Amino acid sequence: MNKIKYYIGVDGGGTGTRIKVIDSTGSIVAEGEGPESALSLGIGKSWDAILTILNNIMKGIELDQCYLGAGISGINNSVWKKDFLNSNPGCAKVIAEPDGYTNLIGENKDQPGIIIALVTGSIGMCKSYSGEFRSVSGWGCPSGDEASASWLGIHCVRQTQKVLDGRIAGSPLTDLIQAECGKTADEFLNWLGRATQTDYAALAPLVFTAASKDSYAKELIQRAIDDIDEMIKALDKNQLPVIMCGKLGEHFLNYLPQRILERCIRDKGNSVDGALM
């Protein structure tokens, strides 16, 4: 067996993929990001994204000299996990866990606490003071992932379809959605026909843009906060610290009730760090 020279940490989600490579001393050799690699988009597409980024940041890297640790959205599906591991393109070893888990140990340096990861999907995870790990949500789009970017996007699209039907009047939020997805029924249907969870997730920031002047945007944010609160309560009754992860998580910090904000702490790392750990 070749000597292991590099350790590759991967954070793979439905919006993008981040990679960090370190050597045996722990020194950072290369970092980069690129296309999405969530397993729901396909096992082959996931590996293609990872290898594309790796080749961009370390051209000619010999995979048989590498260990790869990945936090990948969708890896909690046992069938997808098996297929992902069996599709190893040549790494000496591949370890894969849900991105929520790598977020948890990376963001809080493996200390007891809760993470609420709100990105394309959503998941809540905690490590208790006794060392027990638990998770909630993370069921995937479209049936789950409450409070996530794709969840917000799907609800925005449904509301806008009612406007196109003439069932309800338009609003600042639906105007923004139509500008992105299509102003006519035909344009909107064409968008729907090719939309992925990544496309729905890309609409989520518009909810916060419209929130000051749109009642439905405010309603969606409140519904999401209710789900976040529900996740935290399900994970912990002992006041563990909470980290809101992802760009969407940062958006919600402006809307969370004080009793949750009082528990929130700043992150100490990220999912890539967790994958390397």
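Angles between 65 and 115 degrees count as roughly perpendicular, those under 35 as roughly parallel, those over 145 as roughly antiparallel, and the rest as oblique. The exercises below use a predicted model.

**Exercise 1. Classify the packing of helix 4 against helix 5, and describe the residues that meet there.**

Step 1. Helix 4, which covers residues 149–165, packs with helix 5, residues 172–181, at an angle of about 95 degrees, and their axes are 9 Å apart.

Step 2. The range from 65 to 115 degrees is the one that counts as roughly perpendicular, and helix 4 and helix 5 are therefore roughly perpendicular to each other.

Step 3. On the side of helix 4 the contact is made by Cys156, Gln159, Thr160, Val163 and Leu164, which meet Leu173, Thr174, Ile177 and Gln178 of helix 5. Sorted by class, this contact has 5 nonpolar residues, 4 polar residues and no charged ones.

**Exercise 2. Identify which residues touch the most other members of the largest nonpolar core, and follow the contacts of Met244.**

Step 1. The largest nonpolar core has 44 residues, and those that touch the most other members are Ile116, Leu152, Leu173, Val207, Ile228, Met244 and Phe252. Helix 9, residues 215–235, gives the most to this core, with 10 residues.

Step 2. When residues up to four places away in sequence are not counted, Met244 touches Ile116, Leu118, Ile228, Gly249, Phe252, Leu253, Leu256 and Cys264.

Step 3. A second core, separate from the one above, has 24 residues, including Val21, Ala30, Ile53 and Cys66.

**Exercise 3. Work out how the ring of Phe208 is arranged with respect to Phe252 and to Tyr255.**

Step 1. The structure holds 7 aromatic pairs. In one of them, Phe208 and Phe252 lie 5.3 Å apart centre to centre with 80 degrees between the planes, an edge-to-face arrangement.

Step 2. Because Phe208 lies in helix 8 (residues 204–210) and Phe252 in helix 10 (residues 246–252), this pair ties together parts that are 44 residues apart in sequence. Phe208 counts as buried at 11% relative accessibility, and Phe252 likewise counts as buried, at 0%.

Step 3. Phe208 also forms a pair with Tyr255, here tilted, with 5.8 Å centre to centre and 50 degrees between the planes. This pair links distant parts of the chain, since Tyr255 is in the loop between helix 10 and helix 11 (258–261), 47 residues from Phe208 in helix 8. At 35% relative accessibility, Tyr255 counts as partly exposed.

**Exercise 4. Determine whether Ile19 is buried or exposed, and which residues it touches.**

Step 1. Ile19 is placed in strand 2, residues 17–23. Its relative accessible area is 2%, and residues under 20% count as buried, so Ile19 is buried.

Step 2. Leaving aside residues up to four places away in sequence, Ile19 touches Ile8, Gly9, Val10, Ala30, Glu31, Gly32, Ile50, Ile53, Leu54, Ile57 and Val272. For Ile50, which is 31 residues from Ile19 along the chain, the separation of the C-alpha atoms is 7.9 Å.

**Exercise 5. Set out the backbone phi and the surroundings of Asp110 and Ala147.**

Step 1. Most residues other than glycine have a negative phi.

Step 2. Asp110, however, has a positive phi near 65 degrees. Asp110 lies in the loop between helix 3 (99–107) and strand 6 (113–118), and at 29% relative accessibility Asp110 counts as partly exposed.

Step 3. Ala147 has a positive phi near 70 degrees. Ala147 lies in the loop between strand 8 (133–137) and helix 4, and at 0% relative accessibility Ala147 counts as buried.

Technical notes: Residues are numbered from 1 along each chain as its sequence is written. This is a predicted model: local features need pLDDT of at least 70, side-chain atom pairs count only at pLDDT 80 or more; totals for chains, interfaces and linings use all residues. Side-chain values use heavy atoms; hydrogens and water are left out. A nonpolar core is a set of buried Ala, Val, Leu, Ile, Met, Phe, Trp, Tyr and Cys residues joined through side-chain atoms within 4.5 Å. Buried means under 20% relative accessible area, exposed over 50%, partly exposed in between (1.4 Å probe, protein chains only). Helices (H or I, at least four residues) and strands (E, at least two) are DSSP runs, numbered from the N terminus. Contact means heavy atoms within 4.5 Å. Axes are lines fitted to C-alpha atoms, for helices over the stretch in contact, and angles run from 0 to 180 degrees between N-to-C directions. Ala, Val, Leu, Ile, Met, Phe, Trp, Tyr, Cys and Pro count as nonpolar, Asp, Glu, Lys and Arg as charged, and the others, Gly among them, as polar. Rings of Phe, Tyr and Trp (its six-membered ring) pair if their centres lie within 6.5 Å; planes under 30 degrees apart count as stacked, over 60 as edge-to-face and the rest as tilted.
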